[in-house]
Amino acid sequence: VNLNRLDQAFEAGAVVDPQSLAETGLVRRANLPIKILATGEISKSLTVKAHQFSTAAKQKIEAAGGTTEVIARA
């Protein structure tokens with residue numbers, strides 16, 4: 001999932017996890033592995049929980065005041 005899609009779909013302070021991504025239609029199924037990619041910019045502080053992050057995506061999320069959390073695969 002690209003950062004610009006997260007920025008458009010979620011309000012500042014939101015917790016982004018596989019379930020919320022599925023609810024907003026950014027992924028089809030919450031039980032599949034999710035990787036956050038650095039395409040685009042993020043302007044909001046989000047708490048993002050995913051299975052993988054690109055290095056640049058993690059840096060951009062943290063630079064915007066957000067946090068990242070790697071979650072275990074089911």
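A residue counts as buried when its relative accessible area is under 20%. Keep that cut-off in hand for this tour of a predicted model.

**Stop 1: His51.** Select His51, in the loop between β3 and β4 (52-53). Is His51 buried or exposed? Its relative accessibility is 11%, so His51 counts as buried. Now show its side chain. The side chain reaches the backbone nitrogen of Ile34, at 2.8 Å. Next, display what surrounds His51. Beyond neighbours within four places in sequence, His51 is in contact with Pro18, Leu32, Pro33 and Ile34. Its contacts also include Val70, Ile71, Ala72 and Arg73.

**Stop 2: the sheet.** Step back from His51 to strand β3, residues 47-50. Which strands join β3 in the sheet? The order is β1-β3-β5, in an open sheet of three strands with parallel pairing. β1 (15-16) and β5 (67-70) stand at the edges; each has a single partner strand, so one side of each lacks a neighbour in the sheet. Zoom in on β3 and β5. Four bridges link this parallel pair. Select Thr47 and find Thr67 of β5 opposite.

**Stop 3: the core.** Turn to the largest nonpolar core, which has 18 residues. Select Leu6, Phe10, Leu21, Ile36, Leu46 and Val48, the residues with the most contacts inside this core. Colour α1 (3-9), β3 and α3 (55-63): each gives two or more residues to the core.

**Stop 4: Leu6.** Finish on Leu6. What does Leu6 contact, leaving aside neighbours within four places in sequence? Select Val1, Val16, Leu21, Leu26, Ile36, Leu46 and Val48.

Terms used: Residues are numbered from 1 along each chain as its sequence is written. This is a predicted model: local features need pLDDT of at least 70, side-chain atom pairs count only at pLDDT 80 or more; totals for chains, interfaces and linings use all residues. Side-chain values use heavy atoms; hydrogens and water are left out. Two strands pair if DSSP finds at least two bridges between them. Buried means under 20% relative accessible area, exposed over 50%, partly exposed in between (1.4 Å probe, protein chains only). A polar contact is a pair of N or O atoms within 3.5 Å; within protein, one must be able to donate a hydrogen and the other to accept it, and residues adjacent in sequence count only if both atoms are side-chain atoms. Contact means heavy atoms within 4.5 Å. A nonpolar core is a set of buried Ala, Val, Leu, Ile, Met, Phe, Trp, Tyr and Cys residues joined through side-chain atoms within 4.5 Å.
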